[in-house]
Amino acid sequence: MTRPSRPQADPVAPSGSIDPPLPGTRCPPGPPTDRAALGRWGEDLAARYLSEAGLVLVERNWHCRHGEVDIVARDGDCLVICEVKTRRTRRFGEPVEAVRHDKVLRLRRLATAYLAERRPGLPLVRIDVIGVLVPLGGPPEIRHVRGVGS
């Protein structure tokens, strides 16, 4: 596997001051109040979840002219492009339902761009979506959908 040309931050390190709990624990009484902080918190929790599930985190928040990939990971000989959706309620459906066909197409373009730039040398590519539901004072819920749009 080829290493990136520029130094990368530790992909497991939290991106903010909020340390997300492990699944099965309670969310803090005051989860992030703004959308950006809630999104970062959900991405941190998703990264921890993937790492504990045995995936190797390669990069976080990689971006190019087509957009941004929340998490890039390796699952054996498969490169995983992962989109994370975090919500406080199910009012508008499950978090993973927010990734519709147009977003899947964008994730495919992002995967192609990532492969062209980074050349990871892995024979397979998969697009996953992780939904994080963060109810106030309740345990966070994670739903991992593997291979969307395949």
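Start at the second largest pocket, which holds about 220 Å³ of space. This is a predicted model, so keep that in mind as you click around. To bring the pocket up, select R87, R88, T89, R91, F92, G93, E94, P95, E97, A98 and R100, the residues that line it. Colour them by class and you'll get 3 nonpolar, 2 polar and 6 charged residues.

Next, hop over to the largest pocket, with a volume of about 380 Å³. Its lining has 15 residues, and the ones to pick for its centre are R35, G39, K85, T86 and R87, which lie nearest to that point. R87 should look familiar, since the lining of the second largest pocket includes R87 too. Which elements each supply at least two residues of the lining here? Show α1 (35–52), β2 (67–75) and β3 (78–87) and you have them. Of the elements, α1 gives the most, with 6 residues. Colour by class again: the lining of the largest pocket splits into 10 charged, 3 nonpolar and 2 polar residues.

Now select helix α2, residues 101–118. Put a distance between its end C-alpha atoms and you should read 25 Å; 18 residues at 1.5 Å a residue should span 26 Å, so the two agree. Which residues of α2 are buried? Pick K103, V104, L107, L110, A111, A113, Y114 and R118. As a reminder, residues three or four places apart on an α-helix point the same way, because there are 3.6 residues a turn. To see what covers the buried residues of α2, switch on the strands: the cover includes β1 (56–64), β2, β3 and β4 (124–133).

Stay at the end of the helix for a moment. Just after α2 comes R119, and its phi is positive, at about 45 degrees. One of the buried residues of α2, R118, is worth a close-up. Its side chain makes a polar contact with the side chain of E59, at 2.6 Å. Follow that contact across and you land in strand β1, where E59 lies. Is E59 buried or exposed? At 3% relative accessibility, E59 counts as buried, because the cut-off is under 20%.

Finally, zoom out to the whole chain. You'll find 2 helices and 5 strands, running α-β-β-β-α-β-β from the N terminus on. The chain has 150 residues, and buried ones make up 41% of them. Turn on contacts with a separation of 6 or more, and 62% of them come from residues 24 or more positions apart.

How values were computed. Residues numbered from 1 in each chain as written. Predicted model: local features only at pLDDT ≥ 70, side-chain atom pairs only at ≥ 80, totals over all residues. Heavy atoms only, no water. 1 Å grid on protein atoms, 1.4 Å probe; cavity = no way out; pocket = protein on both sides within 12 Å on 5 of 7 lines; lining within 4 Å. Points joined across faces, edges and corners; volume = space filled by probe spheres on them. Helix = DSSP H or I, 4+ residues; strand = E, 2+ residues; numbered from the N terminus. Nonpolar A, V, L, I, M, F, W, Y, C, P; charged D, E, K, R; others polar. Expected span 1.5 Å × (residues − 1). Buried < 20%, exposed > 50% of the residue type's maximum accessible area, 1.4 Å probe, protein only. Contact = heavy atoms within 4.5 Å. Polar contact = N/O pair within 3.5 Å; in protein donor to acceptor, adjacent residues only side chain to side chain.
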